[in-house]
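Q: I'm new to this one, and I'd like a close look at a single part of it. Could you start with one spot in one strand, and then show me what else is worth finding?

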Amino acid sequence: MPGTPPTRYVYLGPEGTFAEQALRTIPAAEHGSRTPARSVGEALDSIRAGDADAALVPLENSIGGAVGVTLDEIVEGEPLVITREVVLPVEFVLAAPTGTALSTVRSIAAHPQASTQCRGWLRDHLPDATVVDVLSNGAAAAGAGSGEYDAAICAPIGAARHRLALLADKIADHPDAVTRFVLVSRPGPPPPPTGDDLTSLAVYIAHDRVGALLSVLVELAVRGVNLTRIESRPTGEALGRYVFFLDCTGHVADVRLGEALQGLRRVCAEVRFLGSYPRHRWVEAGERRVPAPAGLSDVDYADAAAWLARLRTGEMS
């Protein structure tokens, strides 16, 4: 049924990673099944095959940027849409079996991205320890839990799952780092507009047309649609051929965004709608929605449309 929450969830595994931690912030996921996938592609393919209802995968990190494999996989194959985003603080911890002293740590398991983001802390506190690359934060916690390594850099959920004690928390060099995850499903009616939404698109431009990308940006700008992210990825067809991934404020049900989408349809080689969904709310940070410029709000569009309708029927007021 439309509007029925998913019950079968899949996420980028293994267990005990930030992806699982992000998924468990979604209330409905706590009451459904949660299955780890070995890769982003496997997670999304399980949706396309009907083996799961929704998949949670990472889209971008405030330190490392976009997750290219997610962008690639989401536009390959049968259409999928984003129905929700989850922005999770990346709070790495150093965890070890109970009774381990920080001064005795000689080997540390860590995913390469995790050790990179904690390089300064490691230099200051454990300069002589050997950092061993593993495949995931969950694998790092498991390795420390089994005694293969003295300690692990991992997510808090991984430390708890493997009954590890925290030797130090919040050890990342960038304390405000976050990762943005998206919940992806098969196409269906988007969630209703909330007044603070994002719309994601994949836009293919005509490469033999001068100013093609500028035309895309103009369609958004003249309607007061704020572009919050733009990312290019090669299409794989030939050198110099790219698809542009856009996030912009608004919902497909909004008049001004709807007009912008029609404009993009006219000027682009192809536009792939990737979903309209509520924007993550940072209440504690006091984030405020950027208002539409004067004359470009939905109320302004509705007023102008009503005025034109009156003109067409002979009314002059």
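A: Start at Val 203, which stands opposite Phe 244 in S14. Keep in mind that this is a predicted model, where local features need pLDDT of at least 70 and side-chain atom pairs count only at pLDDT 80 or more, while totals for chains, interfaces and linings use all residues. Residues are numbered from 1 along each chain as its sequence is written, and side-chain values use heavy atoms, with hydrogens and water left out. Helix and strand names follow DSSP runs, counted from the N terminus (helices are H or I with at least four residues, strands are E with at least two).

Val 203 is part of strand S12, residues 197-204, and eight of the eight residues in S12 are buried. Buried here means under 20% relative accessible area, exposed means over 50%, and partly exposed is in between (1.4 Å probe, protein chains only). Follow the side chains and you'll find Asp 197, Thr 199, Leu 201 and Val 203 pointing one way. Leu 198, Ser 200, Ala 202 and Tyr 204 point the other way.

What does S12 pair with? One partner is strand S15 (residues 270-278), joined to S12 by eight bridges in the antiparallel sense. Two strands pair if DSSP finds at least two bridges between them. If you want a spot to click on, Ser 200 has Gly 275 in S15 as its bridge partner. S12 also runs antiparallel to strand S14 (residues 242-249), this time with seven bridges.

Now for some helices. H9 (residues 212-221) packs with H10 (residues 255-267) at an angle of about 165°, and their axes are 9 Å apart. That makes H9 roughly antiparallel to H10. Those axes are lines fitted to C-alpha atoms, for helices over the stretch in contact, and angles run from 0 to 180 degrees between N-to-C directions. Angles under 35 degrees count as roughly parallel, over 145 as roughly antiparallel, 65 to 115 as roughly perpendicular, and the rest as oblique. The crossing of H9 and H10 is right-handed, a word used if the near helix is turned clockwise from the far one by less than a right angle (anticlockwise would be left-handed).

From H9, the residues Ser 215, Val 216, Glu 219 and Leu 220 meet Ala 260, Gly 263, Leu 264, Arg 266 and Val 267 in H10. That contact is made of five nonpolar, two polar and two charged residues. Contact means heavy atoms within 4.5 Å. For the classes, Ala, Val, Leu, Ile, Met, Phe, Trp, Tyr, Cys and Pro count as nonpolar, Asp, Glu, Lys and Arg as charged, and the others, Gly among them, as polar.

Next, hop over to H3 (residues 40-48), which is mostly covered, with seven of its nine residues buried. Among the buried ones are Val 40, Leu 44 and Ile 47. The buried residues of H3 pack against strands S1 (8-12), S2 (33-37), S3 (54-61) and S11 (178-185), as well as helix H4 (68-75). H3 and H4 sit at an angle of about 25°, with their axes 9 Å apart. That makes H3 roughly parallel to H4. Their crossing is right-handed. On the H3 side, Val 40, Gly 41, Leu 44 and Arg 48 meet Val 69, Thr 70, Glu 73 and Ile 74 in H4. By class, that's four nonpolar, two polar and two charged residues. Just past H3, Gly 50 takes a positive phi of about 85°.

The loops have a few oddities too. Pro 14, in the loop between S1 and helix H1 (18-23), follows a cis peptide bond from Gly 13, with omega near 5°. Arg 163 has a positive phi near 55° despite being a residue other than glycine, and it is exposed, with a relative accessible area of 74%. You'll find Arg 163 between helix H8 (156-161) and strand S10 (165-169). Lys 170, in the loop between S10 and S11, has a positive phi of about 50° and is not a glycine either. At 58% relative accessibility, Lys 170 counts as exposed.

S10 also belongs to an open sheet of five strands in the order S8-S7-S9-S6-S10, with mixed pairing. S8 (130-133) and S10 are the edge strands, each pairing on one side only.
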